[in-house]
Amino acid sequence: MQTAANAFQAYTGPHPDAVVHGAIKARAEGGTMKALAWFGAKDVRVIDAPIPDVIEDGDVVLKVTGTTICGSDLHLYHGEILAMQKGDILGHEFMGVVDRIGKGVTKLKPGDRVVTSFQIACGKCSYCKRKLSSFCDRTNDSVLQETMYGQRDAGFFGYSHFTGGFPGGQAEYVRVPFGEINCLPLPNSVPDEAGLYLSDILPTSYHCVVDTGVKEGDTVGIWGLGPIGLCTARWCQLKGAKRIIGIDQVPSRLQLAKERFGIEVINFAEDKDVVKKLHKMVPEGLDCALDCGTFHEPKSLIHKAQKLMMLETDVPETINECLMTVKKMGRVGIIAAYAGFANGVNVGAIMERGIRVIGNGQAPVHLYWEEILKDYLMTGRFDTSFVVTHRVPLEDFAELYHAFDKRPPGVEKVFVETKFSNPPSTGYPKLSRVAEWPLN
Ligand SMILES: NC(=O)c1ccc[n+]([C@@H]2O[C@H](COP(=O)([O-])OP(=O)(O)OC[C@H]3O[C@@H](n4cnc5c(N)ncnc54)[C@H](O)[C@@H]3O)[C@@H](O)[C@H]2O)c1
Ligand SMILES: [Zn+2]
Ligand SMILES: [Zn+2]
């Protein structure tokens, strides 16, 4: 699959409308950094890579002071995202201090503390003008993506050549194209363990709730209680949802959601028929069903077989459960990443019951990050300490991927420190080593 995708990209060359590419330029004076790189399915390694330099006038190069692993990285880890190449540096969630700037950068200077959006926006296209940064028309040069989806998303950091091939920030340094647009300066009052998550999970979970139209008094189902699902539950509460039901099978995640937020939960390892259970709990149906799960974990034999035989790339089970449990004219929001095609989606239910299926897309971070910073992080209305459960050194990154994939008890978001990091902030985890974590 990877070979065919890469051969296609090599054949088509870069998209002519792309104004930036995922190139690396080593510094004239040399020097290497530690970085996490992909070498194949379930094969990631910490390598020594060249320290990147500025290429374009708008570039900013950061010294990374904090990074992390995301559920989306697990799709790469499993080799489920097209056009990965051996040696690709991963990581789309990171923060840092400005190290170098291009000639065109006037609003940032070396030493500034910033967080970066997981997407690379140009700042000028019709989407960027509306702050729909993830939908930028000009930063992803993948013809393959346009061929598969009809149009291209923005380029993303550390997320395959299907999204532009930009080296990511699970590294000691990273190049940020259009740095003034894609970096948000952070005030000193916001700790690293909160600011870092403006790169993805806070805007993403917020977008899921806002874009799907969760309103005061709604009854909401949330599939998946990883960092995205948990934060989504918190936003639903802040937006006045009356009743929230979380569905997962990881006991520690179910427990955290129940104890910390008082939401109702369903363990699908015990209650195997989630639809029946939800019909019993909410006979009138959910107002909103939010898919915060994954596309690579089939539950039924039939989808395990179809996926194995490459008859489908993605599993439709969560979407179908959402469709079966929302009320007539209810809303289904899909923030979970999907990559391609799924068999057996219940189109009849969508049409006959007037269900509004909303692909939330890759979240437009720029639309929300200032609002979340000012109204929720700086005021303390959204406290990230519940979701940041561990802190490990960059050297442990490969072990972290292996462990995170197995969902060890109590592990949600992990702050990964580099040699440039500040010490842990009060109220956030101290350093631990992945090898010390208890596994399932
Ligand atoms: N759209 C975006 O911009 C965006 C951004 C970040 C992450 N994501 C996606 O959001 C999803 C969640 O991210 P995360 O970091 O929380 O991931 P995660 O892998 O840590 O958590 C996913 C959770 O879903 C649960 N799950 C899997 N199958 C399920 C099912 N059938 N029913 C109920 N629960 C199920 C898993 O047990 C797990 O706890 C991922 O698909 C990720 O790729 C999307
Ligand atoms: Zn992410
Ligand atoms: Zn743009």
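## Around ligand 1 and beyond

By class, 14 nonpolar, 13 polar and seven charged residues make up the shell around ligand 1. Please keep in mind while reading that this is a predicted model. Of the 34 residues around the ligand, those that come nearest are Gly71, Ser72, Gly224, Gly226 and Ala337. Four elements, namely H2, H8, strand E12 (243–248) and helix H12 (317–325), each supply at least two residues of this shell. Which of them gives the most to the shell around ligand 1? That is H2, with four residues. The shell also draws on both domains, with at least three residues from each of domain 1 (2–200 + 364–436) and domain 2 (205–359).

### The two domains

The domain assignment splits the chain into domain 1, made of 2–200 + 364–436, and domain 2, made of 205–359. Their C-alpha centres lie 27 Å apart. To the contact between them, domain 1 brings 18 residues and domain 2 brings 17 residues. On the side of domain 1 that touches domain 2, helix H2 (71–77) and helix H14 (365–377) each supply at least two residues. H2 gives the most here, with three residues. Sorted by class, this side of domain 1 has eight nonpolar, five polar and five charged residues. H2 therefore deserves a look in your viewer from two angles: H2 gives the most to the shell around ligand 1, and H2 gives the most to the side of domain 1 that touches domain 2.### Helix H8

Helix H8, another contributor to the shell around ligand 1, runs over residues 227–238. H8 has 12 residues and reaches 17 Å from its first C-alpha to its last, close to the 16 Å expected at 1.5 Å a residue. Is H8 largely enclosed or open? With 10 of its 12 residues buried, H8 is largely enclosed by the rest of the structure. The buried residues are Pro227, Ile228, Gly229, Leu230, Cys231, Thr232, Ala233, Arg234, Trp235 and Cys236. After H8 comes Gly240, whose phi is positive, near 90°.

### Strands E3 and E5 with their partners

Strand E3 covers residues 60–67 and pairs with E5 in the antiparallel sense over seven bridges. Eight of the eight residues of E3 are buried, so E3 is largely enclosed by the rest of the structure. Strand E5 (residues 94–101) has six of its eight residues buried, so E5 too is largely enclosed.

Each of these strands also has another partner. E3 is joined to strand E9 (residues 173–176) by four bridges, and the two run antiparallel. E5 pairs with strand E6 (residues 113–116), again in the antiparallel sense, over three bridges.

Some residue pairs help to fix the register. Between E3 and E5, Lys63 stands opposite Val97, while Thr67 stands opposite Phe94. Between E5 and E6, Met95 faces Val115. Towards E9, the bridge partner of Val60 is Val176.

### Three loop residues

The table sets out where Ile24, Lys42 and Ala83 stand in terms of burial.

| Residue | Burial | Other C-beta atoms within 10 Å |
|---|---|---|
| Ile24 | partly exposed | 15 C-beta atoms |
| Lys42 | exposed | 11 C-beta atoms |
| Ala83 | buried | 24 C-beta atoms |

Ile24 sits in the loop between helix H1 (2–12) and strand E1 (32–40). Leaving aside its neighbours within four places in sequence, Ile24 is in contact with Pro50, Pro52 and Pro167. Ile24 and Gly361 are 337 residues apart in sequence, and their C-alpha atoms are 28 Å apart in space.

Lys42 belongs to the loop between E1 and strand E2 (43–50). Although Lys42 is not a glycine, its phi is positive, at about 60°. Why does Lys42 count as exposed? Lys42 has 11 other C-beta atoms within 10 Å, and a residue is exposed if that number is 12 or fewer.

Ala83 is found in the loop between H2 and strand E4 (88–89). Its phi is near 65°, a positive value in a residue other than glycine. Ala83 is buried, because 24 other C-beta atoms lie within 10 Å.

How values were computed:
Residues numbered from 1 in each chain as written. Chains lettered and ligands numbered in written order. Predicted model: local features only at pLDDT ≥ 70, side-chain atom pairs only at ≥ 80, totals over all residues. Expected span 1.5 Å × (residues − 1). Buried ≥ 20, exposed ≤ 12 C-beta atoms within 10 Å, placed from the backbone. Pairing = 2+ DSSP bridges. Domains from an automatic or database assignment. Contact = placed C-beta atoms within 7 Å. Nonpolar A, V, L, I, M, F, W, Y, C, P; charged D, E, K, R; others polar. Near = placed C-beta within 6 Å.
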